[in-house]
Amino acid sequence: MSRTQPELPLKVVLGKRSDARALAAKVFERHRITLGEDDPAFALVTLNELTLRKAMGELLEQVDQPIKAGLAEFQLTMQRVEGRAGKMLAQQVRDSAGGVQRALREEIASARLGVQRIVEEIQKTHRVATLARWCAVGAVVTVAVFACGFWAGRRF
């Protein structure tokens, strides 16, 4: 094996003849030992693999249980956080809606006062104009009656 090239792992599925050949070639390449396909060393490799798989399975079960428990606890915590955030958001929306309602009520009251002032001005202007018209009519009628009296006094 050369020192300049890193050794890549050999992916082998035991139990196939071509894999046994590949492993035998790898052993020969590294250690210059020739193994046959029926060599008992392959039985040891199979035993090691089975033992390793069993140990890995047990280890994964031991590790998997706390991870699952932690994940379940995390999900519960997230649900609680979502619930709290929803409640806080709902309260903020209610507060904002209350503020908007107050502002709208104030605007409506202000507009109502402005409209009342305008209506009062219009009514006042209308009264003055009506009074001026009636005064003018009264003055014309007075002058007409006076003229008729003067005319009648001169005629009769």
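1. A charge sits over a ring if NZ of Lys or CZ of Arg is within 6 Å of the ring centre and within 35 degrees of the ring normal. Arg32 and Phe28 give an example in this predicted model. The charged end of Arg32 sits over the Phe28 ring, and the distance to the ring centre is 5.6 Å.

2. Stay with Arg32 for a moment. Where does Arg32 lie? It is in the loop between helix H1 (17-31) and H2. Its phi is near 60°. That is a positive value, in a residue other than glycine. Arg32 has a relative accessible area of 61%, so it is exposed.

3. Now the overall layout. The protein has 2 helices and 0 strands. Helix H1 covers 17-31. Helix H2 takes in residues 40-155. The protein has 156 residues, and buried ones make up 5% of them. Its accessible surface comes to about 14,200 Å². Carbon and sulfur atoms account for 64% of that surface.

4. Next, the salt bridges. How many does the structure hold? A search of the whole structure finds 2. Side chains of opposite charge can pair when their charged atoms come close. The cut-off here is a side-chain nitrogen of Lys or Arg within 4 Å of a carboxyl oxygen of Asp or Glu.

5. Arg53 and Glu49 form one salt bridge. Their closest N and O atoms are 2.6 Å apart. Both residues belong to helix H2. They are 4 residues apart, or about one turn of the helix. Arg53 counts as exposed because its relative accessible area is 56%, and exposed means over 50%.

6. Lys68 and Asp64 form a salt bridge too. Here the closest N and O atoms are 3.3 Å apart. Why are Lys68 and Asp64 separated by about one helical turn? Because they are 4 residues apart in helix H2. Lys68 has 54% relative accessibility, so it counts as exposed. Asp64 has 33%, so it counts as partly exposed. The partly exposed class runs between the 20% limit for buried and the 50% limit for exposed.

7. Helix H2 also carries Leu52. This residue contributes to a nonpolar surface patch of about 460 Å². Which residues join Leu52 in the patch? They are Met56, Leu59, Val63 and Ile67. Is Leu52 buried or exposed? With 54% relative accessibility, Leu52 counts as exposed.

8. Last, the aromatic rings. The structure holds 1 aromatic pair. Phe146 and Phe150 form it, and the pair is stacked. The rings are 6.4 Å apart, centre to centre. The angle between their planes is 20°, and planes under 30 degrees apart count as stacked. Both Phe146 and Phe150 lie in helix H2. They are 4 residues apart, about one turn of the helix. Phe146 is exposed, as is Phe150.

Notes: Residues are numbered from 1 along each chain as its sequence is written. This is a predicted model: local features need pLDDT of at least 70, side-chain atom pairs count only at pLDDT 80 or more; totals for chains, interfaces and linings use all residues. Side-chain values use heavy atoms; hydrogens and water are left out. Patches are made of residues with over 30% relative accessible area and no salt bridge: like charges are joined within 9 Å, nonpolar side chains (Val, Leu, Ile, Met, Phe, Trp, Tyr) within 5 Å. Accessible areas come from the Shrake-Rupley method with a 1.4 Å probe; for residues, only the protein chains shown count as cover. Buried means under 20% relative accessible area, exposed over 50%, partly exposed in between (1.4 Å probe, protein chains only). Rings of Phe, Tyr and Trp (its six-membered ring) pair if their centres lie within 6.5 Å; planes under 30 degrees apart count as stacked, over 60 as edge-to-face and the rest as tilted.
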